[in-house]
Structures are given as C-alpha cells and as structure tokens.
Amino acid sequence: MRTRRLCAATASTVLLGALALAGPDTAGASTAASAAAAPVSVTVNARAGLAAMPDTGLGVNDAIWDKELGTTAVSDLLKGAGVRMVRYPGGSYGDIYHWKDHTAPGGYVAPGTDFDTFMASVRRMGAQPMIIANYGTGTPEEAADWVRYANVTKKYGATYWTVGNENYGNGHYGADWEADEHADKSPTAYANGVVAFADAMKAVDPGIKVGAVLTAPGNWPDGIVAGGDPATWNQTVLSVAGSKIDFVDVHWYPGGSTAAEALAKPEQITDMVHATREQITRYAPAGAGRIGISLTEMNVGVGQNTQPGALFLADAYSGLLESGVFTVQWWNVHNGIGTVSTVAGQTDYGDFGLLSSGTCLADGTTCEPPLNTPFAPYHGLAMMNAFARPGDQFVRAGTDEPLVTAHAARRGDGDLAVLLVNKDPDNARTVTIDYTGYTPAAAAPTVYSYVNGGTAVTTGQTGTARSRTLPPYSLTTLVLHPASQVTGAPGAPGRPAASGVTDRAATLSWTASAAGAHPVAKYEVHRQNGATDEQLGESAGTSFTVANLNPGTRYTVNVLARDTAGNVSWASPPLTFTTGSPATSTCTVRFGANGDWGSGYVAAVDITNTGPAAIDGWTLTFDWPTGWQRMNGGWNASWEQNGRTVKATSLDSNGKLAAGGGSVSVGFVAGYTGPDLLPPVFTLNGTTCHTA
C-alpha cells in the first residue's frame, strides 16, 4: 500500500462531472503541436475476442483514515466515473483493523468511516465492496463475525473478501511493513491461515468468495524461496489453500524512473496475467480454472496526478480487464500531497489519490487544489467508463507505433468502441484505423477526449471511423455504429478447452452455439497473432485437432460459428495454451533456475546427447518468452544474446558428447525486469530437444 500523508485540509469541495459536452475531438490542445509525418496504423480485429468486461471491473481503494470516505460528494464523483467496486478498509490497514470497535491500533481512524457508513456510500454508487479480513492481527472468528454482521444481520450481500493485504511483507523475506502477530510468518503459515479463515467465513455464508494474497509475477518476492521454506510464496499458498479460495489478490506498482518508462509498463500485462494463470493451474488443486484474478492496488510510477497517471490508468485497466482480471482497483481515492514537480507543463503533487486532499506541504509553500478536485487519473477512469461497459467483449487492437496504443470493445447493440492512447508528450499523432470482422457506419462517430491539462472528458460527434488526429498526451475513445445491423446471427460458442497438447498438436473442444435465424453450418478456429488472426481450420462439430504447431509456443485461439446463411457469431472467449517439447528426441535439456533474488537467478543447463551418433561440437539455442529477460554472462560455453535468442557454443574442452548419454553442464546468470517465464524449448545443433 502507498503511504498516507496527514495534512490539514484547507479548501472547499469542488464537484466536477465525469463528462462535459464540448466540440472537436482535438479539444484545442493539438494545435500546439504538429502531427507526426507518418500516420500510425491501427488495426481492430472483432474476430479476435478477449475477455468480457465484468460488472466489477472499474474499482478503487478507500480507507478508514480518509474523512471523506462516506461523503455524498465523493460517492457521487466515483459513481460519475463508473466505479463498480470499492476496497475497504485500506491497504495495510486491513491487517490492523478491527471492525467491531472500528479501531486500528497503531494507525489513524477518521470519524465517519465505519463499515456501515462505507456500505451506505457503496450503495449510493451502485457498486460492490471488496473487504479485507484482518489476517495480521485478527482471527478467523473475527472475520466470520464480520461476514455474519454484513450478510446475515444487515443483509448487505457483500460477496468478495480477501484474507489480509500484502502479507509477504511481514518480514519473512527481509522487508517488514505489514502487521503480522503470528509467530510463524512463512507462506505455509499464511496459507493454513487462509484455510481457517475461509472455512470460518463460509460456514456463515457459503455464497461469499474468499481470496488469498499472491505477489504479481515479476514483482518482489516472486521467485524467492526463503530459508526453510519448501517453495515460493505463490506456489505454497496455491498448493495449500487453492481448494478453499475463489480468487487470488495481487498488487502491481511497476514503477519507472521517467514518465516514458512508466507508460511502457502496461506492455508487461499480458505476460503477467498469463504467468499468474499458469501458477494457479500448476500449483492449485484440480478445478483451478474457477479461481479468478483480482488486481486490488495499482498506481503509476511518475506523474501520479497529471497526464501520465491518466494515460497509464486507461492503458493498464484495459489490458488487465481484456486479459480476464475481474476487478482493477486504483490506489487511492485520497492520499495527500507528496513530492511536488512539474510533469508535461502541469503541477504534479506526488499524490496517489484520484481526488485532491486539499493538503499543503509542511512549509506551506505549495497547496493542492480544493478538496475533492479530480486529478488526471480520475478522468482516465471516467474515460474507461465511456469506453467499456459491463458485458462488452474486448477484442484485439494494435498499432505499429509504441507511443500509441489501442484497445477495443464490442457492444451487445452492435456498436464498437475504440480507445486510443497517445503517449507522446510533444506531438499529435495521426492514425489510420483498419477493421477486421466489423464494418463501421459512414456517419461521424461519437468521440470522447481527454487532453493534457484538461478538467473533464469532453464529447462530440466528429470525423470518421477510419482516421483521427490524436492530441499530444491524450486519451480518445471512438464509439462506432455498424454499417448494417445483423439480426438472427448464431450465439458465440463457449470457451474452448485444449486436450492432448503435444509439441505439434492440440485437440480443441467447445460448447455449441445457440442457433439464430438459421442452423449453424460450421465452426471456425482462429489463432490470434497480435491484432491479426489466421484461421487454423473448421469443423462441423464441436471439436477440432490442430496440427503443425510449433514446439514451446503460446497460442491464443477463438472459435466462431457460421450459419447456413453466412452470418458469423461473436468470437468465443479466448483460450491460451502452450505446446511442449518433443516427447522423444536425440537430445535432452534440463533447465534449472536457482537462487532467485527477485530480479535474476543462476540458470543451470544440463545437455544430454541421447541419439545414436556422437556429437563433436555443439550449439545450444533458446528464445526467451519475453523482451525483459536477459542472459548476463555464463560459463562452460561461449554465450551470446541477440534480441530474445540466446546461443551457447561449446568450448574446445567440452564439445564432444558421446552417443547414447554423453552430457555436459553449462550455466549463466539470468536477469529480468518483468514477468519471468522460463524458456520452454531448446535446440541442439538445430534439433529440438526434449525438455526434462
């Protein structure tokens, strides 16, 4: 959790609406900079379906030390920005808060912030709560009593409860910020505590959902095994408590020393969520597919309440939600003034809140705007509310320019929304937009825009669906109508499942589509390649075996139904699977990651020649799964990395490998600055090896 600042509020409340009517899409600011010469190519692919927008998607944190927590002014502002889930009682305070007497020993509790006041505010918003049960200084009985009070006595219907906050920060790994009075602070002890909490809480209300705290892949202490522990925090918690939980709870503060670096961090989201899902699948007991993923704290590394915050929020919320995270929650509603700086011509107060606390520096030289004035990330959240509504299906969108990102969502009424993020602080960017699987109407789209220094999201109806000039440092959403309404199309097929996955093939199966005006004629299987797709095959039934796949490759596929009249359904929810290595080969490689310190590890690679012929001189190659992994020098071979490809060449002393079992051990130091995914396949002298 980010720290709270305690300063006196000195200004009055200002209420600003989430959306304000205005004129052209450039909102005036783009005239200060010329568009880049080469247009940015944007591709939107309605056939490449992603997750659906959940009702709980847009979330925030609120805290018992915030005197504004229960006010109508704040609940109205949050409702206006589309907030549908609110977390309570506030980060690390969750592990010191006792709900019965509304106390947090060692912390400050503001008046008017008790649980009933919080729930009244949540209900005014039309939102749901996410409640932190006190693991650090509480008991399962205390948590069960809270569930009883909330859902039996008061009938609030509070569904989502997490056990603790950042409990890996209890000193077990060397960093101590989270309260934990248990003598045993290991992940095993926490996991057993989750089991006890879940059993006690669900005995009161079996309908609640209980979450356990994990660490986001690529973020400390992911990968670290502390002395005496059998495994990492995530592996231990999932192995012990996986059968008792309904979701996992992760936090993500990706940092960045500059605004540009911070704004590039959402590139890691797909791999981070994929790695989290892989850990759940690998370590939790059978049926782990029911376990959801929540991201309950997030903020940007630079420009917390200026335009980088707004751009990061919209880009990251979109990426996380389209990857299947069921709620994303910004830290925080109010937080207080921090280090004051100037970012892109605007004063940044170093405040992690969505709304101004109206506080001042200790020396009085700088004060924030009046209390509850929205900062830029608030408007980023309002833009998300204009972009994606509950039930919309996210679809693939991409660009050929890293400084411009795109997201898209298909609506049940046939409309399509496209969110465009221009991360260039100095230049307007002209974009051209191509659509696959969707034909927009010729009429001008509805355009929502938020520009650097803006005080609201503006809206108008201008331009075309095919091109747009994006102001510098801006958010733009286009809402498009279809050229023609298709009626009677078949329903979307169910999410496919994969079985019999090998290095070269996989069998996919799915539930049938509901027929529309005409019978379903066939199903088409499409693979996503970024924002483009390729059809892998088709079937008259509800299964298909895909062949000619590449070993060690991640595939994301959708299924579409086509009826006898040629009408095509929406894409099914996506399936992602990874092919393995050959079951048999003339070589075997064993890869071990040893002594992980949170940003790197020592890699041990054992190579065995299992073929019938001796090898005299060898070259081992592999590709890193992500762009933020590196080989930082090795031994027993000549090592080099080019792009993502790592190559190790034998030395004169170890180049001979005897037939039928000759082996050699080599190694290197690995480093990573994002989610760390181990290399899935290796080739020896061009032959794909079995990975043991």
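The paragraphs below walk through a predicted model, taking in turn its helix packing, an aromatic pair, its cavities and a pocket, and some features of the backbone.

A convenient place to start is the packing of two helices. Two packed helices are described by the angle between their axes and the distance between the axes. In this model helix H1, which covers residues 72–80, and helix H2, which covers residues 115–125, have axes that come within 8 Å and cross at roughly 40°, and the crossing in which H1 passes H2 is right-handed. On the H1 side the contact is made by Thr72, Ser75, Leu78 and Lys79, while H2 contributes Ser121, Arg124 and Met125. Sorted by class, the residues of this contact are two nonpolar, three polar and two charged.

Helix H2 also takes part in an aromatic pair, one of the 40 that a search of the whole structure finds. The ring centres of Phe115 and Tyr149 lie 6.5 Å apart with their planes at 55°, so this pair counts as tilted. Because Phe115 belongs to helix H2 and Tyr149 to helix H3 (residues 140–153), the pair ties together parts that are 34 residues apart in sequence.

From the helices we can turn to the enclosed spaces. The model holds two cavities of 30 Å³ or more, and the largest has a volume of about 50 Å³. Its lining is formed by Val250, Met272, Val273, Thr276, Ile293, Leu295, Leu320 and Val325. Two elements, helix H7 (269–283) and strand S9 (292–298), each give two or more residues to this lining, and the largest share, three residues, comes from H7. Seven of the lining residues are nonpolar and one is polar, with no charged residue among them.

The second largest cavity has a volume of about 30 Å³ and is lined by Tyr97, Trp99, Asn134, Glu142, Ala143 and Trp146. The makeup of this lining is four nonpolar residues, one polar residue and one charged residue, whereas the lining of the largest cavity has no charged residue.

Beside the cavities there are open pockets to consider. The second largest pocket has a volume of about 600 Å³ and is lined by 26 residues, of which Arg410, Gly437, Val486, Val568 and Trp570 lie nearest its centre. Strands S2 (40–52), S23 (520–529) and S26 (554–563) each supply at least two residues of the pocket lining. By class, this lining is made up of eleven nonpolar, nine polar and six charged residues.

The backbone offers some further points for inspection, each of them in a loop. Tyr88 and Pro89 are joined by a cis peptide bond with omega of about 10°, and Pro89 is placed in the loop between strand S4 (85–88) and helix H2. A cis peptide bond also runs from Trp220 to Pro221, with omega near 0°; here the proline lies in the loop between strand S7 (209–213) and helix H5 (233–241). Finally, Asn372 has a phi near 75°, which is a positive value in a residue other than glycine, and this asparagine is found in the loop between strand S12 (346–348) and helix H9 (376–387).

Notes:
Residues are numbered from 1 along each chain as its sequence is written. This is a predicted model: local features need pLDDT of at least 70, side-chain atom pairs count only at pLDDT 80 or more; totals for chains, interfaces and linings use all residues. Side-chain values use heavy atoms; hydrogens and water are left out. On a 1 Å grid over the protein atoms alone, a cavity is a set of points where a 1.4 Å probe fits but cannot get out, and a pocket is an open set with protein on both sides within 12 Å along at least five of seven lines; lining residues have an atom within 4 Å of a point. Grid points are joined across faces, edges and corners, and a volume is the space filled by probe spheres set on the points. Helices (H or I, at least four residues) and strands (E, at least two) are DSSP runs, numbered from the N terminus. Ala, Val, Leu, Ile, Met, Phe, Trp, Tyr, Cys and Pro count as nonpolar, Asp, Glu, Lys and Arg as charged, and the others, Gly among them, as polar. Axes are lines fitted to C-alpha atoms, for helices over the stretch in contact, and angles run from 0 to 180 degrees between N-to-C directions. A crossing is left-handed if the near helix is turned anticlockwise from the far one by less than a right angle, and right-handed if clockwise. Contact means heavy atoms within 4.5 Å. Rings of Phe, Tyr and Trp (its six-membered ring) pair if their centres lie within 6.5 Å; planes under 30 degrees apart count as stacked, over 60 as edge-to-face and the rest as tilted.
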